Amino acid sequence: MATPQRDELPVAGLTTGQLARLLGVSPTTLRSWDRRYGFGPASRADGRHRRWSPDDVAMAQEMCRLTATGTPPAEAARTARLRARGADSTGGPGGPGEWPPVPSDRTDGTAPRAGSGLPLGRVRSECRGLARAAVRLDAEEVRELLRRAVAHHGPAVAWEEVMSPALQAVGRKWQSSGEEGAQYVEVEHLLSWHISAALRHYYLDAARPRRAASGLPVLLSCLPGEQHTLPLDVLTAVLGDEGLAVLMLGGSVPADALITAVRRCASLAVVLWAQTSDTADLALAHRVAGARWGVRGARTQTPVLLCGPGWHSVTDDPEASELTHVTSLHDAVRTLTGLQRERPAR
């Protein structure tokens, strides 16, 4: 979220509606904070309309950042007020030079009252915080929340219980809101980009303890026209934790390039992702399965895994029976680690 400088704010201060738009919350949320926690502006314009001064705005932004980490609103309001008053440098809670302790990483499934406006249901508090930060377009907070989620829970749980529910809620809001929902497209793009970045950073982080990769790599690819790479980013990170080598080709790989890669690289298996039935090309999947690699006279075929909801429409096709259809992240990981264990015996 782009934070305005003090000299950029109106001299008279912001109205509640203006501040709500700035923070990505509803005016009702701001009024609720004021009513429940005494967290609001003290000044009034012409004795009637309440105005948020630069100090009030900074305090409200801090309140949003704290609730985004899962801090209960009452505790967030208290801490935001203390920080605004400089308690961190005057011997307040936490000692001289320290901010008051801020609880985070709540996993009790309870929802802080300050909402994102997204239909989330019962999810981890980290997911709610991520959704609120994304709706505010607060890129720094989104990045930090994702980093902590992946580091604390691992990529599989972070994806299934924090990242994916937030993304799905944004998608539902966009689909159900008509023209108004168009404003959530940028939220989805921001969130998708940062989720991909967090997963790739986790996989590529040389300083992170991990099992050494061994054996043939798993080749991951989206089919031609398929741009949804996030599930493969997740699978890459999880396989890395399992000690499997990965060769990630990314989105919308041309058919000939995919076949060439399979023939050039000795791989444990090929994972083909299709998000929709439009990109689930069964004929191409058979071409990949038929591609051989290795020295002449001892050429080998690579198992092909069909991953993604796009393949559901072809699973009853008799021609698909020769290929392995996996229906979940755990199913894919279980199948691939099983192939790795079997490989030395072949």
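Which residues touch the most other members of the largest nonpolar core? Of the 54 residues in this core, they are Leu191, Ile195, Leu235, Val271 and Leu336. A nonpolar core is here a set of buried Ala, Val, Leu, Ile, Met, Phe, Trp, Tyr and Cys residues joined through side-chain atoms within 4.5 Å. Buried denotes under 20% relative accessible area, exposed over 50%, and partly exposed the range in between (1.4 Å probe, protein chains only).

The model is predicted: local features need pLDDT of at least 70, side-chain atom pairs count only at pLDDT 80 or more, and totals for chains, interfaces and linings use all residues. Residues are numbered from 1 along each chain as its sequence is written, and side-chain values use heavy atoms, with hydrogens and water left out.

**Overall composition**

The protein has 12 helices and nine strands; helices (H or I, at least four residues) and strands (E, at least two) are DSSP runs numbered from the N terminus. Of its 346 residues, 48% are buried. The accessible surface is about 17,000 Å², with 51% belonging to carbon and sulfur atoms; such areas come from the Shrake-Rupley method with a 1.4 Å probe, and for residues only the protein chains shown count as cover. Among contacts (heavy atoms within 4.5 Å) between residues at least 6 apart in sequence, 66% join residues at least 24 apart.

**Cores**

In soluble globular proteins, nonpolar side chains tend to be buried together. The 54 residues of the largest nonpolar core receive their greatest contribution from helix 7, which gives nine residues. A second, separate core has 22 residues, including Leu258, Ala261, Ala274 and Leu323. With neighbours within four places in sequence left aside, Leu191 is in contact with Leu130, Ala134, Val142, Ala166, Leu167 and Val170. Leu130 and Ala134 are among the buried residues of helix 5, a helix in which 11 of 11 residues are buried.

**Largest pocket**

The largest pocket contains about 960 Å³ of space. On a 1 Å grid over the protein atoms alone, a cavity is a set of points where a 1.4 Å probe fits but cannot get out, whereas a pocket is an open set with protein on both sides within 12 Å along at least five of seven lines; lining residues have an atom within 4 Å of a point. Grid points are joined across faces, edges and corners, and a volume is the space filled by probe spheres set on the points.

Of the 31 lining residues, Trp159, Leu230, Pro231, Trp273 and Gln275 are the closest to the centre of the pocket. Helix 8 (185-204) is one of the elements that supply at least two lining residues, as is strand 5 (269-273). Helix 8 gives the most, with six residues. The lining comprises 15 nonpolar, 13 polar and three charged residues.

**Loop residues**

Three loop residues are set out below.

| Residue | Loop between | Relative accessibility |
|---|---|---|
| Leu137 | helix 5 (125-135) and helix 6 (139-153) | 37%, partly exposed |
| Ser252 | strand 4 (244-250) and helix 10 (255-264) | 26%, partly exposed |
| Gly308 | strand 8 (304-307) and strand 9 (324-326) | 9%, buried |

Leu137, a residue other than glycine, has a positive phi near 55°. Ser252 likewise has a positive phi, near 45°. Gly308 lies 9.4 Å from Leu329, C-alpha to C-alpha, with the two 21 residues apart in sequence. Beyond its neighbours within four places in sequence, Gly308 is in contact with Trp273, Ala274, His325 and Val326.

Terms used
Nonpolar A, V, L, I, M, F, W, Y, C, P; charged D, E, K, R; others polar.
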